[in-house]
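Please look through the structure shown here before reading on. The paragraphs after it lead from the overall fold to a single detail.

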Amino acid sequence: MKILAIEKELKIVDWEKESQILIDEAKAAYNLLLEGYLREIYFTENKNAVLILECENKTKAKDLLSALPLVKKEIIDFELMELQPYTGFLRLMDNLVQD
């Protein structure tokens with residue numbers, strides 16, 4: 001199952017003083033990539049992380065993300081959404097059969 005995870009900051013942080021935790025966060029994200037859970041990762045224009053995860057369910061995704069250093073330190077959290085397959089193209093197929 002694909003899970004969309006959108007990061008939200010929980011408090012204001014002086015990121016220049018948090019350089020080591022940012023390195024630790026990058027390492028943890030890389031490990032999720034190597035383990036096959038993290039499929040894509042981006043930053044929004046506001047520098048919030050957006051992740052696409054592949055895992056069994058939202059509970060597993062929450063467990064994986066809760067182990068990230070920034071989440072453990074309660075600096076960020078994630079909003080999680082299951083991504084369902086798009087079924088809109090089926091409407092086109094129905095119209096082709098009827099035409």
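The explanation below begins with the chain as a whole and ends with a pair of side chains.

The structure is a predicted model. Its protein chain contains four helices and four strands. Followed along the sequence, these elements occur in the pattern β-α-β-β-α-α-β-α. The radius of gyration of the protein chain is 17 Å, whereas the globule rule gives 13 Å for 99 residues; the chain is therefore more spread out than a compact globule. The box filled by its C-alpha atoms, taken along the principal axes, is roughly 65 × 30 × 20 Å.

The next topic is the interior and the contacts. Of the 99 residues in the protein chain, 32% are buried. When contacts between residues at least 6 apart in sequence are considered, 67% of them join residues at least 24 apart.

The surface and the charges come next. The protein chain exposes about 7,300 Å², and 56% of this area is supplied by carbon and sulfur atoms. The chain carries 13 positive and 19 negative charges, and the mean positions of these two groups are 4 Å apart.

The last topic is the aromatic rings. A search of the whole structure yields one aromatic pair. This pair is formed by Y86 and F89, whose ring centres are 5.0 Å apart. Their planes stand at 80°, and planes over 60 degrees apart count as edge-to-face, so the pair is edge-to-face. Are these two residues buried or exposed? Both Y86 and F89 are exposed.

Methods. Residues numbered from 1 in each chain as written. Predicted model: local features only at pLDDT ≥ 70, side-chain atom pairs only at ≥ 80, totals over all residues. Heavy atoms only, no water. Helix = DSSP H or I, 4+ residues; strand = E, 2+ residues; numbered from the N terminus. Rg over C-alpha atoms; globule rule 2.2 N^0.38 Å. Buried < 20%, exposed > 50% of the residue type's maximum accessible area, 1.4 Å probe, protein only. Contact = heavy atoms within 4.5 Å. Areas by Shrake-Rupley, 256 points an atom, 1.4 Å probe, with all protein chains shown as cover. Lys, Arg positive; Asp, Glu negative; His and termini not counted. Charge placed at Lys NZ, Arg CZ, Asp CG, Glu CD. Phe/Tyr/Trp six-rings, centres within 6.5 Å; stacked < 30°, edge-to-face > 60°.
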